[in-house]
Amino acid sequence: MNKVAAIITAGGIGARTGLEIPKQFVVVEDKPIIIHTLEVFENHKDIDIICVPCLAGWEEKLESYAKEFHISKLKIITQGGQTGFESIRNALFALKPYLNDKDIVMVHDSIRPLVSEQLISDNLALCRAKGNAVAVIDSVEALLQTMSPNAESSGILLDREIVKRTQTPQSVFFGHFVSLYQKAAERGITDSVSLPALLAILGYEVFLFRGDEGNIKITHAQDIEIFRAILALRNNAYSHYQNLCVQGNKRLVSQGLVILSQGNFSLRIPGTDLICIKPSGVDYATLCPEMIPIVRLDGVVVSGRLKPSVDTPTHLEIYRHNPKITNITHTHSTYATAFAQAALPIPVLGTTHADFCAHAIELVTTPDVSDMSDYEHATGVAINALLSTLETLPPAVLIPHHAPFVFGFKTLDSTENALILEEVAKNSYLSLALNGEAKAPEYLIRKAYNRKHGAGAYYGQLTQGLDKM
C-alpha cells in the first residue's frame with residue numbers, strides 16, 4: 001500500500017488568542033497542544049511520516065518536544081509560511097524526496113487536538129476511493145451573507161441545509177497536490193485558504209465525509225479552556241479505572257501472591273477498547289493511579305508516561321478474543337507457579353478445588369516462538385488456543401515453565417481467583433506428597449461445583465433474606 005504523509009500545519013502566531021506564545025505551543029495537561037495533535041497521528045497505524053511547517057523560531061522547541069513525547073514519525077520540520085497556503089507549499093517541497101505521486105498527503109491543523117483516529121481512517125478510505133477527501137460538518141445556525149467582512153447589515157439568507165463547514169483532516173494524492181500548486185501559480189493564486197478551496201477554485205470535485213463536532217479548532221483563548229475541560233472530563237473517567245487498577249495490584253501484595261515488582265493486574269475500561277495495567281518494574285508500594293498506563297487493544301499507549309508491563313501483549317491478546325473477561329491477574333505465587341514450572345496441571349483432588357472449578361487447571365501448549373521477542377504475544381495466542389476448546393471459560397490457566405494467568409468476569413475478581421488458585425495448588429501439592437495416587441470421585445466433584453455454581457446452586461444467602469435482616 002502506498003505511503004501516507006501527514007502535514008500538521010503550525011505556522012500561525014495565534015494572534016486571536018491574545019497570548020504571549022503561539023497557541024499550538026500552549027501547554028494543556030502537561031503537554032503542548034501540538035503534541036496532543038501529533039500523538040493521534042503518531043499512534044495511527046496508517047500514518048508513515050509527519051511533516052510540520054513550523055512558526056519560525058520555534059523549530060528547536062518542537063524538535064525537543066517531539067523527543068520528549070516520543071513522536072518518532074516526525075521526520076521533517078520545515079519553516080512555516082506567512083499563510084497556510086505558503087506553509088503547505090513548503091511542506092510539499094520538503095516531502096518530495098520521501099513520496100511518489102500515488103502516495104497520500106493528509107493536511108491537518110495542529111490546533112485541532114481532538115481529532116480522532118476514526119476521522120483519519122475515514123478520510124483515508126475516501127481519498128483512496130475518490131482521489132481526495134475533506135471532513136465536513138452541518139451548519140446548525142442561520143447563515144447570512146454580507147457584502148463585506150465588516151458589514152453591519154444583510155438581507156441575504158443562505159440555506160443552511162446545503163452549506164457545509166469544512167474541517168481538517170483533508171487529503172489528496174501527492175502528485176495531484178503538487179499539480180494543484182503549479183496550476184495555482186500559473187493563475188496567480190497565492191493565498192487559497194484550504195485544500196478544498198483550492199480544488200474548487202481550480203474546477204475539481206471535492207469529495208466529502210462526515211467530520212466531528214468534537215474536532216474543535218482552537219482559535220480563541222476560550223477554546224483552550226474548552227479543550228482543557230474536555231481533557232479533564234476524559235481523564236476523570238479514566239482515573240476511576242486507574243484507581244481500581246491500583247487496588248487490584250495492591251491486593252496481590254496483601255494476599256501474599258507477589259514479591260518485589262513481580263506480577264501484574266489489568267482491567268478493561270467498560271464500553272471502550274482500552275485497558276489499564278500495571279507499569280513495568282514499578283514497586284507495588286509506590287503505585288498510584290497517575291502511574292497506571294492506559295493501553296488500547298491494538299497495543300497503542302493512549303495515556304501515561306510509564307511503560308506498561310512486559311506482559312501487556314499477553315493481556316491484550318486475551319482481551320481481544322474473550323469479551324467476557326473483564327480483568328486479568330498474573331502472579332508468580334509459590335504453589336501455582338510450582339505446578340506451572342513442572343509443566344503439570346493442578347488436578348481436582350477434593351471439594352476445595354471443586355468449589356472453584358469442576359476440572360483441572362490446565363496447561364496451555366508451550367508458546368511456539370522462533371523469536372523470543374514475541375514470547376509475550378505468543379503466550380496470549382497459546383492461552384486463546386486452549387480457551388477456544390473449552391465449553392466455559394476457566395478461572396485460570398498455567399503457562400508451562402512460567403506461571404499462572406487468572407481471569408475475572410466482574411470487578412477485581414481475578415485477584416480473588418488468584419488467591420483461591422494458590423490455595424488449591426497448595427492443597428494439591430500437599431495431598432500428592434501424602435498420597436501420590438490421590439483422586440476425588442467424580443460425583444463428589446460435580447456435587448461440590450453445582451451447589452455453588454450450578455443451575456440449582458444453594459450456597460450462600462438469598463439477597464431477599466439479607467434485605468430483611
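**View 1. Asp 159 sits in a loop between two strands.** In this predicted model, Asp 159 belongs to the loop that links β9 (156-158) and β10 (164-173). Its relative accessibility is 42%, so Asp 159 counts as partly exposed; the range for that class begins at 20% and ends at 50%. For a sense of scale, pick out Ser 373 as well: 214 residues separate Asp 159 from Ser 373 in sequence, and their C-alpha atoms are 59 Å apart in space.

**View 2. Strand β4 is mostly covered.** Here we look at residues 49-54, which make up β4, and six of its six residues are buried. Ile 49, Cys 51 and Pro 53 point one way from the strand, while Ile 50, Val 52 and Cys 54 point the other way. In a regular strand, side chains alternate between the two faces of the sheet. In β4, the residues pointing either way are all buried.

**View 3. β4 pairs with β1 and with β5.** Stay with β4 for a moment and turn to its partners. Strand β1 (residues 4-9) pairs with β4 in the parallel sense, over three bridges. Within that pairing, Ala 5 has Ile 49 of β4 as its bridge partner. Strand β5 (residues 74-79) also runs parallel to β4, and five bridges join the two. One residue to find here is Cys 51, whose bridge partner in β5 is Ile 76. To get from β4 to β5, the chain passes through helix α2 (residues 59-68), making a right-handed β-α-β crossover.

**View 4. Helices α8 and α11 pack against each other.** Helix α8 covers residues 312-321 and helix α11 covers residues 375-387; their axes lie 7 Å apart, at an angle of about 35°. The crossing of this pair is right-handed. On the α8 side, the contact is made by Pro 313, Thr 314, Glu 317, Ile 318, Arg 320 and His 321. Facing them from α11 are Glu 376, His 377, Thr 379, Gly 380, Val 381, Ile 383 and Asn 384. Sorted by class, the contact of α8 with α11 has four nonpolar, six polar and three charged residues.

**View 5. Tyr 443 is an exposed residue of helix α13.** The last close-up shows Tyr 443, which has its place in α13 (residues 442-453). Why does Tyr 443 count as exposed? Its relative accessible area is 64%, and exposed means over 50%. Leu 198 makes a handy reference point: the C-alpha atoms of Tyr 443 and Leu 198 are separated by 78 Å, with the two residues 245 residues apart along the chain.

Key:
Residues are numbered from 1 along each chain as its sequence is written. This is a predicted model: local features need pLDDT of at least 70, side-chain atom pairs count only at pLDDT 80 or more; totals for chains, interfaces and linings use all residues. Side-chain values use heavy atoms; hydrogens and water are left out. Buried means under 20% relative accessible area, exposed over 50%, partly exposed in between (1.4 Å probe, protein chains only). Helices (H or I, at least four residues) and strands (E, at least two) are DSSP runs, numbered from the N terminus. Two strands pair if DSSP finds at least two bridges between them. A crossover is right-handed if, with the strands pointing away from the viewer, the path from the first strand over the helix to the second runs clockwise. Axes are lines fitted to C-alpha atoms, for helices over the stretch in contact, and angles run from 0 to 180 degrees between N-to-C directions. A crossing is left-handed if the near helix is turned anticlockwise from the far one by less than a right angle, and right-handed if clockwise. Contact means heavy atoms within 4.5 Å. Ala, Val, Leu, Ile, Met, Phe, Trp, Tyr, Cys and Pro count as nonpolar, Asp, Glu, Lys and Arg as charged, and the others, Gly among them, as polar.
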